[in-house]
Amino acid sequence: MADALQQFLRAKVQSITFRAGRLSRLTPQDVGIRPRDVPYAPSTAHFAAANARLGEIDRDVRRALDRLNGRLRDAPPHPHEVLERNALLEREIDRARRAYGLFFDVFSQRGTRFAPALAACDAIAVDCFQAVRQAAPGLLHGPMLKPLTYLEHGFSPATFRRGVLLRRLLGERNPFPLIRVPYERVEAPWGMGVILHEIGHNLQADLGIWQETEAALQRRVLHATGNPWLTRLWGRWHKEIFADLMACLLGGPASVHSMKDFLAYPPSRVLTFHPLSAHPTPFLRVFIQAEMLRRMGFLKHARDTYDNWNRLYRAQLPFARIPRMLLCTARRLIPHVVDEIAFQPRRGLAQRALVDVMPFWPSDQQRIEQAAESLARGHIPPGLPPRYVVSASREALERRLAPPERISRTVLNHLVRLGSRSARMPGVGVTLAA
């Protein structure tokens, strides 16, 4: 019986030894990248970053494996000790499995029918980062790996910023920004204003102004209301509001139309309140963006946004599941919130405001509107930044200048060409240059 038990334990150790080193490296071939997929594929730097993380985990796997085999060589251990050391090794293999699985899932999508659309999203993200570097040189330090977009079946886009601890990875740090897009949205460029919101999250993180923005907003709300509950609530919302306002600056009024499209649901959903949510209640969220448009000088767009949202939901307000105090103070507080986040200088921005770091002028909106008319004829003006191409597609859709299929095809083909061109430029396609 004892010999049979030892035989079983030795086989168990042999099995886990075989599995221990099999998830330490990824190559383009491993994830199915074919020669025709190369224009859409992650860069060699992204593979290197993923492999560096896998290599770190693999070293821990090897150390745990050495401890297990070393104990077996010293003397026949108690069976329970073998199981315990085996479990420690299994924990490290689980870390490798999760990290490998994440990178495999993200990278392998670049060999599917969605690859061009994903590459188009990458081009938009690169453009947004480069725009901040051009408007405010020195704020983003050194070269950075560009964000990668990937698909998931979740309802809404999301992002995992650079360096964040991921539960999916058991607390491992994310080596480069990931932007998650639902499958059916990635080929609809007029809805990518929501992607600009996710890029806004990454910019706030890479600029290093999370805490400063939150503290400043809380001081402003407390001074305006004297109410600790409202202060905590608006402070909890600061990241989402920042991302919404950054999207306004990246894409102009069209980004607000995209967000309004995303948020417009029956009153039972829009007029509700989740006390611990990081997102402002949808009813107020659009008014915040309307105020931002007003402050940016787009008065007609701001009025239209405000009036449309009111027409949809004002009659249902008596039945809203939103605290009265929040509703009654919102009209007075929203201008304070927008002013504090977007128009007040920040130490982390070298005493500049967000609108200085990412300006959007009426002339930019004019370029977008002209591009929408060109898009209806099947082409996009040369030199139009990718983030404005997104806005032009929204303008073309809302003004019914072209069928959605033609808009999608023209925009995605254009952005893929831009992405392929930038990938051949040192420091742009692979990393975000200093």
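With which residue does Arg 63 form a salt bridge? In this predicted model, the partner of Arg 63 is Asp 60, and the closest N and O atoms of the two residues are 2.3 Å apart. Both residues belong to helix H2, where they stand three residues apart and are therefore separated by about one helical turn. Neither residue is counted as buried, because that class requires a relative accessible area under 20%: Arg 63 is partly exposed, with a relative accessible area of 43%, and Asp 60 is likewise partly exposed, with a value of 22%.

Salt bridges also link helices that are remote from each other in sequence. Asp 339 pairs with Arg 220, with 2.9 Å between the closest N and O atoms, and this pair links distant parts of the chain, since Asp 339 is located in helix H13 (residues 324-343) and Arg 220 in helix H6 (residues 210-225), 119 residues apart. The side chain of Arg 220 also meets that of Glu 340 in a salt bridge, at 2.7 Å from N to O. Because Arg 220 lies in helix H6 and Glu 340 in helix H13, this second pair ties together parts that are 120 residues apart in sequence. Both acidic partners fall under the 20% limit that defines a buried residue, as Asp 339 has a relative accessibility of 11% and Glu 340 one of 10%.

The structure holds 28 salt bridges. Beyond the pairs described above, a network of salt bridges links Arg 19, Glu 90, Asp 94, Arg 97 and Arg 98.

The geometry of helix H4 (residues 115-135) was compared with the expected span. At 1.5 Å a residue, the 21 residues of this helix should span 30 Å, and the end C-alpha atoms are 31 Å apart, which agrees with that expectation. Helix H4 is also mostly covered, with 18 of its 21 residues buried.

Outside the helices, Ala 41 is placed in the loop between helix H1 (2-20) and helix H2 (44-74), the latter being the helix that carries the pair Arg 63 and Asp 60. When neighbours within four places in sequence are left aside, Ala 41 is in contact with Ile 33 and Arg 110. Ala 41 and Val 411, although 370 residues apart in sequence, are separated in space by 19 Å from C-alpha to C-alpha.

Note on methods: Residues numbered from 1 in each chain as written. Predicted model: local features only at pLDDT ≥ 70, side-chain atom pairs only at ≥ 80, totals over all residues. Heavy atoms only, no water. Helix = DSSP H or I, 4+ residues; strand = E, 2+ residues; numbered from the N terminus. Contact = heavy atoms within 4.5 Å. Expected span 1.5 Å × (residues − 1). Buried < 20%, exposed > 50% of the residue type's maximum accessible area, 1.4 Å probe, protein only. Salt bridge = Lys/Arg side-chain N within 4 Å of Asp/Glu carboxyl O.
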